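Reader: Please take a close look at a single part of this model, and set it in the context of the whole chain. I would like a careful, connected account rather than a list.

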Amino acid sequence: MPVQQNLEIFNKIKPILQFGISIATYYPTTEPLWQRFLIKTQLISTILGVVSTIFHIANTFDGQFTGNLAMSLFFFVACVQVSSRTLLMRYHRNNVLELLDKVQSLHNNFENKELNAIAEKNLIKFSNIWATCFKIGKPLVIVSAGSFIGANVIKGKSGVLAQIPLFPNNFSYFTEFMLFFQSIFGVFATTYVFYTDLSIAFFGLEIMAASDILYDYISANKDRIQEDPDFLRIITMRYCEVVDNIERFNNIISITNLVQFVTSAFLSFAIFFFICLNPGYLIEYTWALIALIQLFIPCVFGEFIKIKMERLSTTLYLTNWPDLSLKDQNSFLIVLGMTQREYGIKAAGMYDVNIYTFIQIVKMAASWCTFIFTLEITN
């Protein structure tokens, strides 16, 4: 039985999600021309951004860590992050589409009216959360990208963060030309980050919704486990689906998370250093906020998914499963054995993606900033 009201919400979200997946996996589609152009050019522009920023740093570095060098490093790392994540997500495109199909099936197939009502409540709640994040995030990203471009234009030559190789420095409008092209790079990078992170966030929210649906259903029926012969079958099947989606989600973003953690540490360091040099420059705080939000998104989802799976495990254990028949007990013990594992998001399969990791990365970036800034002052 489909969850009719939420299915309508999902159908409204799906085109945005499909566009986000196409951008994230560098896969031009049959969508409108401007979308195909954006998808095709974003990887090329970010790779060119990496090369041109390296060229600029090599030509302008004079042994001191200046504000221009900090922002050039910020721009360079941002381009590295975007291009690396694009290639990694392209490799996992088939897995992403399979996960999308799994998520979509969550909106269509339920075994009874009670489960259907529980699913409708949870799916609508998490869909609305995603829609709210999209509405809030879009103007925030536009303001951030606009302020970044505008601030560099105002600074003129000192706002140049990238130089296209082999382009003559004595060209009359060299500064204006470089500012224009780095602005294009910035627009493509922020567009990619916005749609990719929101697509990943959608999958995280849907996994949380599936966990909550199962938790609410078990909580409502844990004292009726013997009366409902389908109860054990439903929770076993649904729990295995949640676990499968988490593992599939992990396989997709595991290496991507590691890349994001490493690059986010350098992004935070660069923007923190620039803030130390120019504490009265208000626009830089918006850039810092965007950099921290981008790092915070996977960490908060990893934390919540872990908490919800632990809660689900406890609820399963507290059902009246000892009252089941011996055959059903053996089946249920298999499920309980699965719940003993820790399910969460990991980076490269080794590092936990949670709030503690977020705090550690920010502290590390702040420590680097303090150390380098102290060296620059003493010199």
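Author: What follows centres on helix α6 and its helix partners, with the overall layout first and some individual residues afterwards.

The model is a predicted one, in which local features need a pLDDT of at least 70 and side-chain atom pairs count only at pLDDT 80 or more, whereas totals for chains, interfaces and linings use all residues. Residues are numbered from 1 along each chain as its sequence is written, and side-chain values rest on heavy atoms, with hydrogens and water left out.

The protein has 10 helices and 2 strands, where helices (H or I, at least four residues) and strands (E, at least two) are DSSP runs numbered from the N terminus. Along the sequence these elements follow the pattern α-α-α-α-α-α-α-α-α-β-β-α, and the C-alpha trace spans about 85 × 50 × 35 Å along its principal axes. Of the 379 residues, 50% count as buried, a term that means under 20% relative accessible area, with exposed meaning over 50% and partly exposed lying in between (1.4 Å probe, protein chains only). Among the contacts (heavy atoms within 4.5 Å) with a separation of 6 or more, 80% link residues that are 24 or more positions apart.

Helix α6 covers residues 174–221, and it packs with α2 (residues 33–60) at an angle of about 120 degrees, the axes being 9 Å apart; such axes are lines fitted to C-alpha atoms, for helices over the stretch in contact, and the angles run from 0 to 180 degrees between N-to-C directions. The two helices are therefore oblique to each other, since angles under 35 degrees count as roughly parallel, over 145 as roughly antiparallel, 65 to 115 as roughly perpendicular and the rest as oblique. The crossing of α2 and α6 is left-handed, which is the term when the near helix is turned anticlockwise from the far one by less than a right angle, a clockwise turn being right-handed. From α2 the contact draws on F37, L38, T41, Q42, S45, T46, L48, G49 and S52, and from α6 on F185, F188, A189, T191 and Y192. These residues divide into 7 nonpolar, 7 polar and no charged, with Ala, Val, Leu, Ile, Met, Phe, Trp, Tyr, Cys and Pro counted as nonpolar, Asp, Glu, Lys and Arg as charged, and the others, Gly among them, as polar.

With α8 (residues 283–317), the arrangement of α6 is as follows: the axes come within 10 Å and cross at roughly 15 degrees, and that makes α6 roughly parallel to α8. This crossing is left-handed, and its contact residues comprise 15 nonpolar, 5 polar and 4 charged. For α5 and α6, the axes come within 9 Å and cross at roughly 165 degrees, so that α5 is roughly antiparallel to α6. Here α5 passes α6 in a right-handed crossing, and the residues of the contact divide into 26 nonpolar, 8 polar and 7 charged.

Individual residues add detail to this picture. A119, found in helix α5, is buried, with a relative accessible area of 0%, and its C-alpha atom is separated by 9.0 Å from that of Y217, which is 98 residues away along the chain. In the loop between α5 (113–155) and α6 lies A162, which counts as buried because its relative accessibility is 3%. Leaving out residues up to four places away in sequence, A162 touches S52, T53, H56, F75, M178 and Q182; Q182 is 20 residues from A162 in sequence and 6.5 Å away in space, C-alpha to C-alpha.

Y217 appears again around I235, which, with residues up to four places away in sequence not counted, touches L214, Y217, I218, L316 and F332. I235 is also one of the residues, together with F203, Y239 and M309, that touch the most other members of the largest nonpolar core, a set of 102 residues. A second, separate core of 5 residues includes I164, F174, M178 and L179. Such a core is a set of buried Ala, Val, Leu, Ile, Met, Phe, Trp, Tyr and Cys residues joined through side-chain atoms within 4.5 Å.
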